[in-house]
Amino acid sequence: MMRAALALLALVPATALRVTVLGGNGYVGQRVCEKLVARGCDVTSISKSGKAPSGGAWTQSVKWVANDLTRGSRQELEAAVGQPDVAVSCVGTVGFDGRGLELGNGVANVRAAEALKGVQRFAVHESNFAALVMAESRPARHRRDACSTAWRC
């Protein structure tokens with residue numbers, strides 16, 4: 001999982017690149033932010049808490065912004081996202097609650113994608129589509145809704 005997210009870093013030159021990382025204080029997001037800072041990128045992390053993870057001098061080089069991707073207003077989300085050159089979504093939830101997975105993995109990424117005006121590239125970490133796998137145990141109508149929500153990105 002993390003290997004795929006880090007592979008995204010090789011796709012774009014880092015010189016003065018403005019990167020917004022959605023879910024930058026999570027397990028994968030922290031590592032993506034750290035690597036981007038090491039490459040000289042201007043990094044903004046958006047997460048529900050907006051808090052920097054503990055440890056590491058690199059955290060001082062990241063702008064940490066609080067925003068709830070599933071419940072905040074579109075205007076607040078657009079302001080939080082700003083105008084990056086690249087956005088990387090490391091947002092995701094785990095567990096067995098189908099609706100929670102759909103919100104945290106599908107809806108959150110769709111809302112983020114809609115707020116990214118003029119962004120050159122938007123990458124979604126592959127583990128965010130766990131909602132599709134977990135949706136298999138739900139009624140057909142819910143599987144269809146989860147798939148259409150996630151793939152609108």
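## Two cysteines, a bent helix and a parallel strand pair

The sulfur of C33 lies 7.2 Å from the closest cysteine sulfur, that of C90, which is too far for a bond. This comes from a predicted model, so every distance here is read from predicted coordinates. Seen from the other side, the sulfur of C90 has C33 as its closest cysteine partner, at 7.2 Å, again too far for a bond. A disulfide is a covalent bond between the sulfur atoms of two cysteines. With a cut-off of 2.5 Å between the sulfur atoms, the count comes to zero disulfides.

How do these cysteines sit with respect to solvent, buried or exposed? C33 is buried, at a relative accessible area of 0%, and C90 is buried too, at 13%. The table sets them beside a glycine discussed further down.

| Residue | Relative accessible area | Class |
|---|---|---|
| C33 | 0% | buried |
| C90 | 13% | buried |
| G40 | 47% | partly exposed |

Now to the strands. Strand β1 covers residues 18-22, and because four of its five residues are buried, β1 is largely enclosed by the rest of the structure. Its pairing with strand β2 (residues 42-47) runs in the parallel sense, over five bridges. If you would like a place to look on screen, find T20: its bridge partner in β2 is T44.

Just ahead of β2 comes a loop that follows α2 (27-38), and G40 is found there. G40 is partly exposed, with a relative accessible area of 47%. Which distance separates G40 from S61 in space? The two C-alpha atoms are 9.6 Å apart, while the residues are 21 apart in sequence.

Helix α4 is worth a turn of the model as well. Its 18 residues, 98-115, reach 25 Å from the first C-alpha to the last, close to the 26 Å expected at 1.5 Å a residue. At V107, α4 bends by about 30°. Because 13 of its 18 residues are buried, α4 is largely enclosed by the rest of the structure.

Finally, a word on confidence. The average pLDDT of the protein is 76, and 71% of the residues score at least 70. Among the elements, strand β3 (residues 62-66) has the highest mean pLDDT, 95, and helix α6 (residues 140-151) the lowest, 41. Over residues 130-153 the pLDDT is below 50, and this stretch has 29 contacts in the model beyond near neighbours in sequence. Where pLDDT is low, the predicted coordinates should not be read in detail.

Definitions and conventions
Residues numbered from 1 in each chain as written. Predicted model: local features only at pLDDT ≥ 70, side-chain atom pairs only at ≥ 80, totals over all residues. Heavy atoms only, no water. pLDDT = per-residue confidence, 0-100. Helix = DSSP H or I, 4+ residues; strand = E, 2+ residues; numbered from the N terminus. Contact = heavy atoms within 4.5 Å. Expected span 1.5 Å × (residues − 1). Bend = angle between axes of the 7 residues up to and from the residue. Buried < 20%, exposed > 50% of the residue type's maximum accessible area, 1.4 Å probe, protein only. Pairing = 2+ DSSP bridges.
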